[in-house]
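Student: Which element of the protein has the highest mean pLDDT? Please take a close look at that part and at what lies around it.

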Amino acid sequence: MSALTPPTDMPTPTTDKITQAAMETIYLCKFRVSMDGEWLCLRELDDISLTPDPEPTHEDPNYLMANERMNLMNMAKLSIKGLIESALNLGRTLDSDYAPLQQFFVVMEHCLKHGLKAKKTFLGQNKSFWGPLELVEKLVPEAAEITASVKDLPGLKTPVGRGRAWLRLALMQKKLSEYMKALINKKELLSEFYEPNALMMEEEGAIIAGLLVGLNVIDANFCMKGEDLDSQVGVIDFSMYLKDGNSSKGTEGDGQITAILDQKNYVEELNRHLNATVNNLQAKVDALEKSNTKLTGELAVANNRIITLQEEMERVKEESSYILESNRKGPKQDRTAEGQALSEARKHLKEETQLRLDVEKELEMQISMRQEMELAMKMLEKDVCEKQDALVSLRQQLDDLRALKHELAFKLQSSDLGVKQKSELNSRLEEKTNQMAATIKQLEQSEKDLVKQAKTLNSAANKLIPKHH
């Protein structure tokens, strides 16, 4: 089946029409999606030849819904197959920036939206596939964790964003196929959300759920706290699946360039992680420096406190010695009062001594903590230096990869030029061969003519010889 493109002489659509086409996507009514091996083919319904048997008209809603289901099923096949092959070739964990993975979620979103019933709210009619996905936790208890996590995400404000987050978490859990099968098997529950001829209510939904089993070999990791899932535009990019007639040339070079680009993306991702690690370590160093400054201030205050206590203790000793001298010299009546004052002074001295011991213990603890902080800072500085060296090495590798990419591109251009020159030389050789063949035919014809003339001369000579005799 050949891929047909829309005519080029059509008028340019307005912005509103472009937006509407993007929201509806190309598969709805005007094209039929089919598969040619590993590629996508689009064929206009008006160009499809009619068979002798009567067929439903294109305006029939059931026919249009069936065509949409077939298109979505074929798109799901291509998307899942391409995602699995590219992920296995990539050989690492996929993230939300991976283009085939983004297209897979867009196709799944369109499959879940197909045939949804519109629910009336105070803001108008609303179509959301979050309602059917909420039913999964009632059918499979393991899905309750995903649903609770989606509801707890602070950045999600719309049902569409919650549904998209649910699909990503289910793929990370490698249970998306199991959940979809459990949901499709309960058509009595789905009938509340879908029309009778919707994809989820027909055989195509069960086929797509079976195809999702292959995604269990993929490892994916998403960080949805900073991702805006509410306002994303879910438009299928058909350019990823359409076959180009000239794509067979330079396949090996393109594969090498693709591998280099994948390595470049991996190195850039690693570079971002290293930068984040360095920033975190720098923040920790700053926090430790602030804590060290604070501890230094507290140590100075403690030293001042110790000096004050030592001065006060010396003063108490002088007072006690003065009281003892006065008791020896004074009358006996004053000795009782002086004894009480002495006992109070001794008690006060004991309390001050205990306080001094406590302050000295606290000072020792602060000194040990400061030493530990200094050691930790030295280790962090060493770690930062190692990370910076690794970062420099990775940047050098990235530059080498870019140079290799340019070299491969130059070699690819040179090989294309050599192929072109060889093809021209081949055409010249063929032209000369044809000329030589024509010359040989002419020579053969001349030889035949000469042979005929020789025979004629011989016969004439033979006739003349008897006459002379």
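**Helix α8 and its surroundings**

Tutor: Among the elements of the protein, α8 has the highest mean pLDDT, 91, and helix α1 (residues 15–24) has the lowest, 41. pLDDT is the predictor's confidence in each residue, from 0 to 100; helices are DSSP runs (H or I, at least four residues), numbered from the N terminus. The model is predicted, so local features need pLDDT of at least 70 and side-chain atom pairs count only at 80 or more, while totals for chains, interfaces and linings use all residues. Residues are numbered from 1 along each chain as its sequence is written, and side-chain values use heavy atoms, with hydrogens and water left out.

Helix α8 is mostly covered, with seven of its nine residues buried (under 20% relative accessible area with a 1.4 Å probe, protein chains only; exposed is over 50%, partly exposed in between). Those buried are Leu 176, Ser 177, Tyr 179, Met 180, Ala 182, Leu 183 and Ile 184.

Helix α8 (176–184) supplies at least two residues of the largest nonpolar core, as do α2 (61–90), α3 (99–113), α4 (130–134), α6 (143–152), α7 (159–173) and α10 (203–211). Such a core joins buried Ala, Val, Leu, Ile, Met, Phe, Trp, Tyr and Cys residues through side-chain atoms within 4.5 Å. Helix α2 provides the largest share, nine residues. The core has 62 residues, and those touching the most other members are Leu 101, Phe 104, Trp 166, Tyr 194, Met 200 and Leu 215.

Phe 104 connects this picture back to α8. Beyond four places in sequence, Phe 104 is in contact (heavy atoms within 4.5 Å) with Leu 176, and also with Ser 79, Ile 80, Leu 83, Leu 171, Leu 212 and Leu 215. A second, separate core of eight residues includes Val 267, Leu 391, Leu 398 and Leu 408.

Helix α8 also borders empty space. Two cavities of 30 Å³ or more are counted, a cavity being a set of points on a 1 Å grid over the protein atoms alone where a 1.4 Å probe fits but cannot get out, with lining residues having an atom within 4 Å of a point. The largest has a volume of about 40 Å³ (the space filled by probe spheres set on the points, which are joined across faces, edges and corners). Its lining consists of Met 108, Cys 111, Met 180, Ile 184, Leu 199, Met 200, Gly 205, Ile 208 and Ala 209. Two or more of these residues come from each of α3, α8 and α10, and α10 gives the most, three. Eight of the lining residues are nonpolar, one is polar and none is charged.

The second largest cavity holds about 30 Å³. Around this cavity are Leu 309, Gln 310, Met 313, Glu 352, Thr 353 and Arg 356, with α11 (251–329) and α12 (333–468) each supplying at least two.

Helix α7 holds a further buried residue, Arg 164, whose relative accessible area is 5%. Leaving out residues up to four places away in sequence, Arg 164 touches Glu 109, Phe 129, Leu 229, Asp 230, Ser 231, Gln 232 and Gly 234.

As for confidence elsewhere, the protein averages a pLDDT of 77, and 78% of the residues score at least 70. Over residues 34–58 pLDDT stays under 50, although the model has 61 contacts there beyond four places in sequence. Where pLDDT is low, the predicted coordinates should not be read in detail.

Key. 1 Å grid on protein atoms, 1.4 Å probe; cavity = no way out; pocket = protein on both sides within 12 Å on 5 of 7 lines; lining within 4 Å. Nonpolar A, V, L, I, M, F, W, Y, C, P; charged D, E, K, R; others polar.
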